[in-house]
Amino acid sequence: MLIFPAIDLKDGAVVRLYKGDFATVHQVADDPLATAGAFLAAGARHIHMVDLDGAKDGQRKNGDIVRAVAATGLRVELGGGIRSMATLASCLEAGANRVILGTAAVTDRAFLQEALTSFGEKIALGMDLR
């Protein structure tokens with residue numbers, strides 16, 4: 001069994017949302033890199049990260065944090081605001097091992113097809129639904 005502890009990022013902080021509602025955002029840790037390090041020290045080898053700034057605004061703001069976490073040796077699965085091939089490629093270049101496509105996978109079939117053709121198993125689909 002693979003366990004993926006999660007770090008959700010907003011404005012550089014580790015946060016949680018209740019049912020995806022941005023009005024409920026609350027910070028749960030000060031330092032994302034220290035949080036990832038604690039997961040690694042506890043035996044994790046994978047980590048699930050979501051750039052909530054990217055998910056909400058379409059502008060990824062936490063790329064440096066993702067790069068630093070990937071440099072620890074954790075295998076990063078990253079989602080949030082990945083709506084173009086350029087953004088997808090930049091996530092992989094930052095060290096993500098797998099990129100999660102959400103809304104764009106449903107609304108832009110051409111993008112989804114190009115992503116799958118270009119990157120295959122490095123692509124995952126994530127649907128957060130009510």
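In this predicted model, helix 4 has four residues that are buried: Met85, Leu88, Cys91 and Leu92. Viewed along the axis of helix 4, these buried residues fall within an arc of 120°, and so they line one face of the helix. On the other side of helix 4 we find Ala86 and Glu93, which are exposed. What, then, covers the buried residues of helix 4? The cover includes strand 5, strand 6, helix 6 and strand 7. After helix 4 comes glycine 95, with a positive phi near 115°.

Let us turn to helix 6, which is part of that cover. Its buried residues are Phe111, Leu112 and Ala115. Down the axis of helix 6, they fall within an arc of 100°, so they too line one face of their helix. Which elements do the buried residues of helix 6 pack against? They pack against helix 4, strand 6, helix 5 and strand 7. On the other side of helix 6, Arg109, Ala110 and Thr117 are exposed. Alanine 110 has a relative accessibility of 58%, and exposed means over 50%, which is why alanine 110 is placed in that class. The C-alpha atom of alanine 110 is separated by 22 Å from that of lysine 56, a residue 54 places away along the chain. Helix 6 is followed by glycine 120, whose phi is positive, near 45°.

I now move to the core. In soluble globular proteins, nonpolar side chains tend to be buried together. In this model, the largest nonpolar core has 29 residues. Which residues have the most contacts inside this core? They are Ile47, Met49, Val69, Val76, Leu88, Val99 and Leu101. Several elements give two or more residues to this core. Among them are the two helices just described, helix 4 (85-93) and helix 6 (109-119). Helix 3 (63-70) and helix 5 (103-107) also contribute in this way, as do strand 1 (6-10), strand 4 (46-51), strand 5 (75-79) and strand 6 (96-101).

Isoleucine 47 may serve as an example. Leaving aside residues up to four places away in sequence, isoleucine 47 touches Phe4, Pro5, Ile7, Ala36, Phe39, Val69, Leu74, Arg75, Val76 and Glu77. Apart from the largest core lies another, of five residues, including Ala13, Val15, Leu17 and Val50.

The next topic is charge. How many salt bridges does a search of the whole structure find? It finds five. One of these pairs consists of arginine 98 and glutamate 77, whose side chains meet at 3.0 Å, N to O. This pair links distant parts of the chain, since arginine 98 is in strand 6 and glutamate 77 is in strand 5, 21 residues apart. Is glutamate 77 buried or exposed? Glutamate 77 is buried, at 12% relative accessibility, whereas arginine 98 is partly exposed, at 29%.

A further salt bridge joins aspartate 8 to arginine 16, with the closest N and O atoms 3.5 Å apart. Aspartate 8 has 15% relative accessibility and counts as buried; arginine 16, with a relative accessible area of 29%, is partly exposed.

Aspartate 11 deserves separate attention. Where does aspartate 11 lie? It lies in the loop between strand 1 and strand 2 (13-18). Its side chain meets that of lysine 10 in a salt bridge of 3.4 Å, N to O. Lysine 10 counts as buried, at 18% relative accessibility, while aspartate 11 counts as exposed, at 55%. Lys10 and Asp11 are linked with Asp53 in a network of salt bridges. Beyond residues up to four places away in sequence, aspartate 11 touches Asp53, Lys61 and Asn62. Histidine 48 is 37 residues from aspartate 11 in sequence, and their C-alpha atoms are 17 Å apart in space.

Finally, I come to nonpolar residues on the surface. Which residues form a nonpolar patch there? Val106, Leu125, Met127 and Leu129 do, and together they have about 430 Å² of accessible area. Leucine 129 is found in the segment after strand 7 (123-125). With a relative accessible area of 72%, leucine 129 is exposed. We may set this patch beside the helix with which we began: leucine 129 is exposed, whereas Leu88 and Leu92 of helix 4 are buried.

Note on methods. Residues numbered from 1 in each chain as written. Predicted model: local features only at pLDDT ≥ 70, side-chain atom pairs only at ≥ 80, totals over all residues. Heavy atoms only, no water. Patch = residues over 30% accessible without salt bridge, like charges linked within 9 Å, V, L, I, M, F, W, Y side chains within 5 Å. Areas by Shrake-Rupley, 256 points an atom, 1.4 Å probe, with all protein chains shown as cover. Salt bridge = Lys/Arg side-chain N within 4 Å of Asp/Glu carboxyl O. Buried < 20%, exposed > 50% of the residue type's maximum accessible area, 1.4 Å probe, protein only. Core = buried A, V, L, I, M, F, W, Y, C linked by side-chain atoms within 4.5 Å. Contact = heavy atoms within 4.5 Å. Arc of directions from axis to C-beta.
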